[in-house]
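Open the model in a viewer and keep the selection panel at hand. The stops below are meant to be taken in order.

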Amino acid sequence: MTAWGQPPSAVQRSATPQGFYSLTTAINITEQKSAPSRPYSMGELMVATAAREIHDGEIVFVGMRLPLIAFVVAKKAHAPNAVGLFENGVIRTTPAPELIYTMADPPNILGATQCLDMLGVMSLLQSGQVHLGFLGAAEVDRFGNLNSTEVRGTKGNTRLPGSGGACDIASLAYRFVVLLEHSRQRLPERVSYMTSPGNGDGPGWRKRVGLPRGGPSAVITTKGVLRFGEDGEAYLASVHPGIEVDDVVNNTGWNLRVTEKLAQTPEPGAQELKAIREYDKDGFWT
């Protein structure tokens, strides 16, 4: 596994693929004790983890909530030349000077590099200039497909806001990263409705349906980080400090594979925590 967490090159589709533990083995990897009190919140850990997905010089659809702060952290810590895009047309080479709650807040307009319309920034996706997009969803499945349209339950269906720009980002950015709470309900084997495409039904699906590039790179949850093999399926790449592997596996809606090179998610460093807390002073998003 590389420093940026690229999936192993030799991933085979079999009952127990090379490079992965079976479910039974995964549960028995290591017994970890309950997480002790730590000097950071789960939100701060997820922000720092998301920030590390941004490479220097990349053009990134930032979004809101935790990814918004991840952009701030990346700019200050390791990616000073990253450029942030917002769906309402704002382009920034520097973070907004103060915390914003919607992407149209005045601080996000002040000092912006450009203020275009929605078509202006979405055209950057179509022309293949966007490296990374951050997304959220109600459900993410084993192939990285996203549902933000409708959740089907025993008591009926719940309608959700829909795609917004998520389908465009998932279809046309070079890669995308999802952040969400880890639970069996949020991570089903197949989404109830495919709002935004991941790897469809497996290897080669994106090419077959005409998507020119991209796909899911990581799913950052409240328990760990999932990444994607050459077969298009998610696997557990790292667990957060204090989280047991069986806790992750048992709260996933499919037989989640675990890489033999399983790592612990790096904790937020001092510089990252400083950047987070200076920007989100009251912990509104974190």
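This is a predicted model, and the tour goes through its strands, aromatic rings and largest pocket.

**Stop 1: strand E13**

Select residues 224-228, which make up strand E13. The strand is mostly covered, with 5 of its 5 residues buried. Show the side chains and look along the strand: Gly224, Leu226 and Phe228 point one way, while Val225 and Arg227 point the other way. Both sets are buried, Arg227 included.

**Stop 2: the neighbours of E13**

Add residues 216-221, strand E12, which pairs with E13 in the antiparallel sense over 3 bridges. To find the register, pick Ile220, which stands opposite Val225. The turn is made with 2 residues between the strands, and E12 and E13 form a hairpin.

Now add residues 234-239, strand E14. This strand also runs antiparallel to E13, and 5 bridges join the two. Here the pair to label is Leu226 and Leu236, which stand opposite each other. E13 and E14 form a hairpin as well, with 5 residues between the strands. Within that hairpin, check the backbone of Gly232, where phi is positive, near 85 degrees.

**Stop 3: the hairpin of E9 and E10**

Clear the selection and take residues 150-153 (E9) with residues 156-159 (E10). The two strands are antiparallel and joined by 4 bridges. Arg152 has Asn157 in E10 as its bridge partner. Between the strands of this hairpin lie 2 residues.

**Stop 4: aromatic rings**

How many aromatic pairs does the structure hold? There are 2. For the pair of Tyr101 and Phe284, the ring centres are 4.8 Å apart and the planes stand at 90 degrees, so the arrangement is edge-to-face. Tyr101 is in the loop between strand E4 (90-92) and helix H4 (106-109), whereas Phe284 is in the segment after helix H9 (270-279), so the contact ties together parts that are 183 residues apart in sequence.

Add Trp285 to the selection. Its ring and that of Phe284 have centres 4.8 Å apart and planes at 85 degrees, so this pair is edge-to-face too. Tyr101, Phe284 and Trp285 thus belong to one aromatic cluster. Colour by accessibility next: Tyr101 counts as partly exposed because its relative accessibility is 45%, and Trp285 counts as buried because its value is 19%, where the cut-off for buried is under 20%.

One further ring is worth a selection. The charged end of Arg213 sits over the ring of Tyr174, 5.5 Å from the ring centre.

**Stop 5: the largest pocket**

Show the surface and go to the largest pocket, with about 710 Å³ of space. Its lining has 28 residues, and those closest to the pocket centre are Met64, Arg65, Leu135, Gly136 and Ala137. Which elements give two or more residues to the lining? They are helix H3 (66-77), strand E6 (132-135), helix H6 (166-172) and strand E11 (175-180). Coloured by class, the lining shows 17 nonpolar, 8 polar and 3 charged residues.

**Stop 6: Arg65**

Stay at the pocket and centre on Arg65, one of the residues closest to the pocket centre. Arg65 is found in the loop between strand E2 (59-61) and H3. Is Arg65 buried or exposed? Arg65 counts as exposed because its relative accessibility is 54%, with the cut-off for exposed being over 50%. Finally, inspect its backbone: phi is positive at about 60 degrees, although Arg65 is not a glycine.

Technical notes: Residues are numbered from 1 along each chain as its sequence is written. This is a predicted model: local features need pLDDT of at least 70, side-chain atom pairs count only at pLDDT 80 or more; totals for chains, interfaces and linings use all residues. Side-chain values use heavy atoms; hydrogens and water are left out. Buried means under 20% relative accessible area, exposed over 50%, partly exposed in between (1.4 Å probe, protein chains only). Two strands pair if DSSP finds at least two bridges between them. Rings of Phe, Tyr and Trp (its six-membered ring) pair if their centres lie within 6.5 Å; planes under 30 degrees apart count as stacked, over 60 as edge-to-face and the rest as tilted. A charge sits over a ring if NZ of Lys or CZ of Arg is within 6 Å of the ring centre and within 35 degrees of the ring normal. On a 1 Å grid over the protein atoms alone, a cavity is a set of points where a 1.4 Å probe fits but cannot get out, and a pocket is an open set with protein on both sides within 12 Å along at least five of seven lines; lining residues have an atom within 4 Å of a point. Grid points are joined across faces, edges and corners, and a volume is the space filled by probe spheres set on the points. Ala, Val, Leu, Ile, Met, Phe, Trp, Tyr, Cys and Pro count as nonpolar, Asp, Glu, Lys and Arg as charged, and the others, Gly among them, as polar.
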